[in-house]
Amino acid sequence: MVEINIAAISTKDSVKQMQSYFGGDISEEWGEHTLSFNGNLGKGSIKFLTFDWGVSLLEFNAIFSDDLMFINSTANFNPIHFSFVSKGSFSHKFSNERDFSVVDQYHSCIVVSTKALDHLTVIPKNVPILFNNIRVVRKEYLKKRLNNVEQLNQKLYDVFVNRLDGETFSYYSPMHLKMEDHVNAIRNKKTSGITRILKIEGEVFHLLSMHIARHDRNQNHKEIPHSLSKSELKTIKKLSKRIVQNPALDYSLNELSKSSGLSQAKLQEGFKFIYTRTVTEYIRHIRLEASRELMNTTDLNISQIVYTIGFTSRSYFSKIFREKFDVTPNEYKKQIVQTTENIVS
């Protein structure tokens, strides 16, 4: 096992120290830094962005040829870490603990140490790893005028205001599939420049709130429905991606049940758990979002869009579009045209 020792004073400094082990080059665009490497220890990328109020985002997307143990000293840089794994897994413990806790795919964790202890994180070899890590420097974040820390449950509040009197804090969350959609939103931004950075920042703070909300659910003993297994939830996640990629297909609860091997009852329960919508409500939601995207990016008229996204009735489409966006499709299309004309002029 190869040890990677990190004794940094910031997220940026952490990545520079990793570069000394992995090699590669660091590029930068609008404050978004990327370390790209392909060497003896592995290949991939490590990205990071730093925002105001002591918040930063770091993302690993790599595969390593050796088991790696990252030893992060907290003497100079001791933020709260909010991590979520999209692919692969890693293990974590504090330096005074005997056993590691594993954070699997679609699981998350919240950890913070005392300055006397190190974070030990192990990433296994030959397994692709993709995870993000939101870091919050507490003394900086508390300067934020609207930091909402008073809304935290007591345990996390004590962590944020550093009232634990030298205690460590760790919370390893069960599967959290809802979070993956917002993580993907960060990775798949189609915009560029400052607009992209601002959108990513919005998603980062949304993810931060989801981490906190999940801990609160745990404190109130609200977890995954007992009738659904992890593999079944992953199957439902795959179905939802299929619907997003092909919103115009003629879906039915019976067809989705047969193709997934899950009962209709489990499909409904799973979609409600992940998306707080029934299967039908989810399909309708995706189609409406797709229609708005087509209005923004194509010259298709409303009737063409209705057909493209799988609806058969224009009047029904107009009704539910207005209910969702508080504007008719025609009015929305006119707003886009007017905005475009103003930009051109």
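Among contacts in the chain between residues at least 6 apart in sequence, what percentage join residues at least 24 apart? The figure is 65%, where a contact means heavy atoms within 4.5 Å.

This is a predicted model, in which local features need pLDDT of at least 70 and side-chain atom pairs count only at pLDDT 80 or more, while totals for chains, interfaces and linings use all residues. Residues are numbered from 1 along each chain as its sequence is written, and side-chain values use heavy atoms, with hydrogens and water left out.

**The whole chain**

Begin with a cartoon of the chain, which has 12 helices and 13 strands; these are DSSP runs numbered from the N terminus, with helices (H or I) of at least four residues and strands (E) of at least two. Colour next by burial: of the 345 residues in the chain, 46% are buried, where buried means under 20% relative accessible area, exposed means over 50% and partly exposed lies in between, with a 1.4 Å probe and protein chains only. The accessible surface of the chain comes to about 17700 Å², and carbon and sulfur atoms account for 48% of that area; such areas come from the Shrake-Rupley method with a 1.4 Å probe, and for residues only the protein chains shown count as cover.

**Strands E8 and E11**

Select Ser 91, which is found in strand E8 (residues 90–94) and is buried, since its relative accessible area is 15%. Leaving aside residues up to four places away in sequence, Ser 91 touches Phe 100, Ser 101, Val 102, Leu 120, Thr 121 and Val 122.

From that list, move to Val 122, which lies in strand E11 (residues 119–123) and counts as buried at 12% relative accessibility. With residues up to four places away in sequence again left out, the contacts of Val 122 are Met 1, Leu 68, Met 69, Phe 90, Ser 91 and Phe 100. Add Glu 3 to the selection: its C-alpha atom is separated by 9.2 Å from that of Val 122, although the two residues are 119 apart along the chain.

**The nonpolar cores**

Now show the largest nonpolar core, a set of 46 residues; a core is made of buried Ala, Val, Leu, Ile, Met, Phe, Trp, Tyr and Cys residues joined through side-chain atoms within 4.5 Å. The members that touch the most other members are Phe 51, Phe 82, Ile 134, Val 136, Val 204, Leu 267 and Phe 271. Helix H5 provides the largest share of this core, 7 residues. Centre the view on Ile 134, which, not counting residues up to four places away in sequence, touches Val 55, Ser 56, Leu 57, Ile 80, His 81, Phe 82, Val 204, Leu 207 and Leu 208. A second, separate core has 26 residues, among them Leu 35, Leu 68, Val 103 and Ile 129.

**A surface patch and helix H5**

Turn to the surface and select Trp 30, Ile 194 and Leu 198, which make a nonpolar patch of about 340 Å². Patches are made of residues with over 30% relative accessible area and no salt bridge, with like charges joined within 9 Å and nonpolar side chains (Val, Leu, Ile, Met, Phe, Trp, Tyr) within 5 Å. Leu 198 is found in helix H5 (residues 193–219), and at 52% relative accessibility Leu 198 counts as exposed.

**Salt bridges**

What is the count of salt bridges? There are 9, each being a side-chain nitrogen of Lys or Arg within 4 Å of a carboxyl oxygen of Asp or Glu.

Select Asp 181 and Lys 237, whose side chains meet in a salt bridge (2.7 Å, N to O). This pair links distant parts of the chain, with Asp 181 in helix H4 (residues 177–187) and Lys 237 in helix H6 (residues 230–245), 56 residues apart. Asp 181 counts as partly exposed at 32% relative accessibility, whereas Lys 237 counts as buried at 2%.

Next select Lys 324 and Glu 289, which meet in a salt bridge (3.9 Å, N to O). Lys 324 is in helix H11 (residues 314–325) and Glu 289 in helix H9, 35 residues apart. Adding Arg 292 completes the view, as Glu 289, Arg 292 and Lys 324 are linked in a network of salt bridges.

**Helix H9**

Finish on helix H9 (residues 279–297), whose 19 residues should span 27 Å at 1.5 Å a residue, and whose end C-alpha atoms are indeed 27 Å apart; the expected span is 1.5 Å times one less than the number of residues. Its buried residues include Tyr 282, Ile 286, Leu 288 and Met 295.
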